[in-house]
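Take a moment with the sequence and the structure below. Then follow the text from one site to the next.

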Amino acid sequence: EQKKRIDRLYEEGMLERNGFLRLICERDEPSAAYLSEKARLRQAEHFGKNVYLRGLIEFSNICASNCLYCGIRRDNKKAVRYRLTEEEILDCCRAGYAFGFRTFVLQSGEDPWWSDEKVCALIRRIRKEYSDCAITLSIGEKTKESYRKYFEAGADRYLLRHETASPKLYRKLHPLEQTLENRIRCLCDLKDIGYQIGAGMMLEAPGQTVEDLVEDLFFLKKLQPDMIGIGPFIPHSDTPLSGRKAGGVELTLFMLSVLRLMFPKVLLPATTALGTVDPRGREKGILAGANVIMPNLSPQAVRGKYLLYDNKICTGDEPEKCSHCMELRMKSIGYEISGTRGDAPGWIRRV
Ligand code: 5AD
Ligand code: FES
């Protein structure tokens with residue numbers, strides 16, 4: 001039965017609701033192995049043994065939002081806040097460029113100090129210095145006008161996970177002022193403007209059911225994002241969800257394979273959260289169908305402060321250590337790091 005479902009997912013890229021439900025509920029070691037084998041076939045077709053690198057620059061952990069799961073939420077008074085200067089961010093890019101990064105992901109909390117003008121000025125400077133690099137933003141929910149300004153300043157991609165497509169679960173994980181409707185509005189605006197967009201969800205967040213996950217799959221099918229970031233929920237001790245159970249590596253790997261079969265060409269990172277719940281999580285993620293890794297380029301002095309969850313990896317390491325380490329890790333599983341921007345296949349670069 002499982003084998004039949006997987007074969008059908010491989011051929012058609014889709015199952016009906018009940019098929020997904022049973023595929024996920026009835027997963028076991030043999031079916032996960034078979035699924036991941038199929039996912040690797042699809043991955044090889046479109047990407048060979050290439051893995052794309054993104055240099056993650058966490059440039060501010062100041063956040064006006066209050067997501068219940070997140071360690072840098074507004075109400076966490078224990079978080080030690082920081083904000084990098086434009087110069088410091090450019091230094092990160094310089095170091096990253098020298099290590100071979102051709103995509104910079106600028107991520108922050110929803111920090112009001114970073115006005116549209118400041119964000120645009122930053123993008124313009126990076127764009128001018130690194131015309132061969134992709135600039136990805138991950139700075140949260142904004143108005144369509146703001147998104148348009150960043151795009152015109154030279155940003156190419158935007159990451160904004162939907163977190164969960166279930167309105168009920170979304171409500172449980174966020175304060176009242178944050179709505180799923182607005183998240184979706186943002187994703188649609190971003191896509192409409194012309195960004196390559198990244199959505200995605202946390203797995204095994206408190207209260208999440210398999211039905212919720214299937215909801216995510218249908219949501220993604222409709223949205224057709226260029227990138228999908230998924231990873232296990234990991235509790236942070238200074239949040240309302242402290243003490244809740246962390247998600248495991250196993251479901252994330254299974255879902256990565258499902259996503260690879262549903263979206264053969266999608267950019268699929270093996271995330272830091274996956275590397276946090278299992279020391280070889282990122283390698284396992286690539287072997288399950290992922291094709292992107294996002295090593296941290298943030299300066300060592302602030303790494304230990306951008307803590308969305310407990311026990312985050314690489315917080316003590318120098319940036320060069322992570323790039324070297326990732327190269328070795330990928331080699332150890334027979335993959336190699338691509339020196340390109342790593343755009344979504346078929347993506348036409350605007351001029
Ligand atoms: N555990 C796992 N992932 C988390 N994120 C935020 N907090 C946590 C947590 N406690 C993820 C969210 C967010 C991304 C930047 O990090 O999905 O979109
Ligand atoms: Fe940071 Fe390996 S990726 S030490």
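## Around the ligand

The shell residues around ligand 1 fall into three groups: eight are nonpolar, one is polar and two are charged. Keep in mind that this is a predicted model.

Which residues make up that surrounding set? Early in the chain come Y69, C70 and Q107. R161, E163 and M202 also surround ligand 1. So do P232, F233 and I234. L308 and Y309 complete the list.

Now look at the polar atoms. Start with Y69. One of its backbone N or O atoms lies 3.0 Å from a nitrogen atom of ligand 1. Next comes R161. Here a polar side-chain atom is 2.8 Å from an oxygen atom of the ligand. Then turn to E163. An N or O atom of the E163 side chain lies 2.5 Å from an oxygen atom of ligand 1. On its own, ligand 1 would expose 400 Å², and the protein buries 87% of that area.

Where does ligand 1 sit? Its place is the largest cavity.

Now move to another residue, D343. Find strand β11, which spans 336-337. D343 lies in the segment after that strand. Which side chains does the D343 side chain meet in polar contacts? One is R157, at 2.9 Å. Another is R341, also with a polar contact of 2.9 Å.

Finally, set aside the neighbours of D343 within four places in sequence. D343 is then in contact with R157, Q196 and L267. R157 thus appears twice: in this contact list and in a side-chain polar contact with D343.

Conventions
Residues are numbered from 1 along each chain as its sequence is written. Chains are lettered from A and ligands numbered from 1 in the order in which they are written. This is a predicted model: local features need pLDDT of at least 70, side-chain atom pairs count only at pLDDT 80 or more; totals for chains, interfaces and linings use all residues. Side-chain values use heavy atoms; hydrogens and water are left out. A residue is near a molecule or strand if one of its heavy atoms lies within 4 Å of it. A polar contact is a pair of N or O atoms within 3.5 Å; within protein, one must be able to donate a hydrogen and the other to accept it, and residues adjacent in sequence count only if both atoms are side-chain atoms. Accessible areas come from the Shrake-Rupley method with a 1.4 Å probe; for residues, only the protein chains shown count as cover. On a 1 Å grid over the protein atoms alone, a cavity is a set of points where a 1.4 Å probe fits but cannot get out, and a pocket is an open set with protein on both sides within 12 Å along at least five of seven lines; lining residues have an atom within 4 Å of a point. A molecule sits in a cavity or pocket if more than half of its atoms lie within 2 Å of its grid points. Ala, Val, Leu, Ile, Met, Phe, Trp, Tyr, Cys and Pro count as nonpolar, Asp, Glu, Lys and Arg as charged, and the others, Gly among them, as polar. Helices (H or I, at least four residues) and strands (E, at least two) are DSSP runs, numbered from the N terminus. Contact means heavy atoms within 4.5 Å.
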